[in-house]
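Welcome! Please take a moment to look through the sequence and the structure shown here, and then read on for a short guided tour.

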Amino acid sequence: MPSNSGPLAGLKVVDLSHVMAGPVCGMMLADMGAEVVKVEKLPGGDDTRRSVPPSVAGESAAFMMMNRNKRGIALNLKSPQGRDALLRLLDRSDVLIENYRKGALDRMGFGFDALHARNRGLIYCSISGFGRTGPYADRGGFDLIAQGMSGVMSVTGETPGRAPVKVGPPITDISAGIIAAMGILAALNHRHVSGRGQMVDTSLFEAGITYMYWHAAISFATGTAPGPLGSGHPLMAPYQAFRTQDDPITVGAANEGNWKRLLAVLHADDLATDPRFADNAGRMAHLPELAARLETLFGQKPAAAWLAELDAAGVPAGPVLTVQQVAQDAQAKARDMIVETDHAVAGRTRALGLPVKFSATPGSVRHPAPVYGEHTGEVLNELGFSDAEIAAMIAAGAAHQAGPKDRREAAE
């Protein structure tokens with residue numbers, strides 16, 4: 001396995017999480033160089049392994065996307081041997097990531113207090129639906145529920161009064177993982193000063209609420225909750241998608257300079273002299289009329305023609321791309337946002353890259369997601385278990401080991 005590089009090289013992380021929010025956190029740390037060991041339950045492993053279709057050579061595409069750059073082991077934490085192995089691993093680790101229901105790990109002996117007593121420097125990151133305190137702490141959480149309860153769904157969709165719409169990507173899962181990684185890095189800085197670890201606690205619910213900054217500003221100032229505006233912005237206009245002669249485009253001409261440049265591109269003298277659109281407040285007050293007029297104008301040419309003219313004039317604009325089109329986009333490729341790995345079973349697969357770049361210590365996608373139990377023997381050996389002890393654990397059902405399979409064998 002390639003040696004780790006990146007600003008977090010040397011950091012030892014145990015990823016005891018499953019599905020998405022926790023694995024996102026572990027993946028971000030791993031991409032930045034941390035040594036991440038993903039501990040999967042036995043039997044079955046991470047539930048995302050069964051999030052199929054799609055699969056590639058029998059391996060879940062969803063699991064592979066979220067768990068690259070990690071070594072994987074499988075332990076039965078209900079067995080004494082499995083628990084002992086995890087404790088040994090945690091004793092030598094810097095960070096634990098978990099997203100179990102409240103109290104589940106405490107009952108198994110892996111709660112914060114118990115682990116902190118053994119390893120005073122351990123940073124214990126807990127990601128849940130609603131956080132570990134408060135009246136909802138015992139509830140499970142999913143992205144759909146968090147989007148609804150955080151206010152996100154109240155402002156998503158075309159117009160008020162229509163059926164509620166969630167944001168397509170699971171934004172609270174992904175953002176909770178990113179926020180958790182941020183919290184871990186802050187806790188690492190505190191540990192550098194104090195020598196002590198601490199609990200880092202965040203949730204899907206809180207991640208969803210953080211998307212509401214503009215809408216909360218409006219609500220707190222006016223006492224009125226904003227509703228959905230389609231692709232529009234609650235504070236500025238024009239800032240939305242428009243249909244053209246063929247494909248839709250997005251246009252961000254909200255400030256006065258871009259507004260005037262847009263009018264020049266459109267040759268829209270009537271809009272330039274219309275008092276309703278003289279400033280941003282007027283444009284927001286008359287947004288339906290403005291949007292209708294602009295869409296009429298944009299409907300006169302195809303998207304490519306408009307994008308070329310807008311770009312030449314310095315007006316922020318872009319196409320509305322599918323995921324497949326993004327994967328072929330020159331900028332996405334130039335920024336290494338589309339990467340490839342060689343999976344032991346699935347072969348050459350594509351993944352999304354690390355979204356932050358470092359000039360001195362670049363992160364990277366070094367290796368693919370593990371096959372279930374791929375590194376169990378390797379990691380247990382590092383913890384001091386002999387080959388005979390590992391074999392006994394596997395025979396007793398306390399651990400699972402599956403060596404990597406080459407592509408030829410998988411194909412057969």
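Which residue in β2 is the bridge partner of valine 13? The partner is valine 36. Keep in mind throughout that this is a predicted model.

## The seven-stranded sheet

Let us begin with the sheet to which that pair belongs. Seven strands make up an open sheet, arranged in the order β8-β7-β6-β1-β2-β5-β14, and the pairing is mixed. At the edges you will find β8 (199-203) and β14 (399-400); each has a single partner strand, so one side of each is left without a neighbour in the sheet.

Now follow β1, residues 12-15, which runs parallel to β2 and is joined to it by four bridges. To get from β1 to β2, the chain passes through helix α1 (residues 21-31), and this β-α-β crossover is right-handed.

## Around β2 and β5

Strand β2 covers residues 35-41. Is β2 largely enclosed or largely open? Five of its seven residues are buried, so β2 is largely enclosed by the rest of the structure. Strand β5 (residues 70-75) runs parallel to β2, and six bridges join the two. One pair to look for is valine 39 with its bridge partner in β5, isoleucine 73.

β5 also pairs with β14, this time in the antiparallel sense and over two bridges. Here leucine 75 stands opposite alanine 399 of β14. A helix can be added to this picture: α3, residues 80-91, lies across β1, β2, β5 and β6 (95-98), and runs at about 150° to β5.

## Serine 17, after β1

Next, look at the loop between β1 and α1, where serine 17 is found. Why does serine 17 count as buried? Its relative accessible area is 3%, and the cut-off for buried is under 20%, so serine 17 falls in that class.

The side chain of serine 17 makes a polar contact of 2.4 Å with the side chain of aspartate 15. Setting aside neighbours within four places in sequence, serine 17 is in contact with Gly22, Pro23, Lys38, Asp46, Ile97, Glu98 and Asn99.

## Cis prolines and a positive phi

The loop between β2 and β3 (55-56) holds proline 43, and proline 53 has its place in the loop between β2 and β3 too. What is the form of the peptide bond from leucine 42 to proline 43? That bond is cis, with omega near 5°. Valine 52 and proline 53 are likewise joined by a cis peptide bond, with omega about -5°.

A little further along, alanine 57 lies in the loop between β3 and β4 (59-60). Alanine 57 has a positive phi of about 55°, although it is not a glycine. Its relative accessibility is 53%, and because exposed means over 50%, alanine 57 counts as exposed.

## Helix α10 and its surroundings

Helix α10 covers residues 256-266. At its start, a side-chain oxygen of asparagine 255 comes to within 3.2 Å of the backbone nitrogen of glycine 257. Which residues of α10 are buried? They are Asn258, Trp259, Leu262, Leu263, Val265 and Leu266. These residues cover an arc of only 160° around the axis, which puts them on the same side of α10. Their cover includes β10 (249-252), α11, α12 (280-285), α13 (287-298) and α14 (303-313).

After α10 comes histidine 267, which has a positive phi near 55°, although histidine 267 is not a glycine. This residue sits in the loop between α10 and α11 (269-273). With a relative accessibility of 66%, histidine 267 counts as exposed.

## The three-stranded sheet

Our last stop is another open sheet, built from three strands in the order β9-β10-β11 with antiparallel pairing. Its edges are β9 (239-242) and β11 (317-319); each has a single partner strand, so one side of each lacks a neighbour in the sheet. From one strand to the next, the twist averages 20°.

Three bridges link β10 and β11 in the antiparallel sense. Among the pairs is valine 251 with its bridge partner in β11, alanine 317. Helix α13, already met as part of the cover of α10, lies across β9 and β10, running at about 45° to β9.

Note on methods
Residues numbered from 1 in each chain as written. Predicted model: local features only at pLDDT ≥ 70, side-chain atom pairs only at ≥ 80, totals over all residues. Heavy atoms only, no water. Buried < 20%, exposed > 50% of the residue type's maximum accessible area, 1.4 Å probe, protein only. Pairing = 2+ DSSP bridges. Right-handed = clockwise from strand over helix to strand, strands pointing away. Arc of directions from axis to C-beta. Contact = heavy atoms within 4.5 Å. Polar contact = N/O pair within 3.5 Å; in protein donor to acceptor, adjacent residues only side chain to side chain. Axes fitted to C-alpha atoms, helices over the stretch in contact; angles between N-to-C directions.
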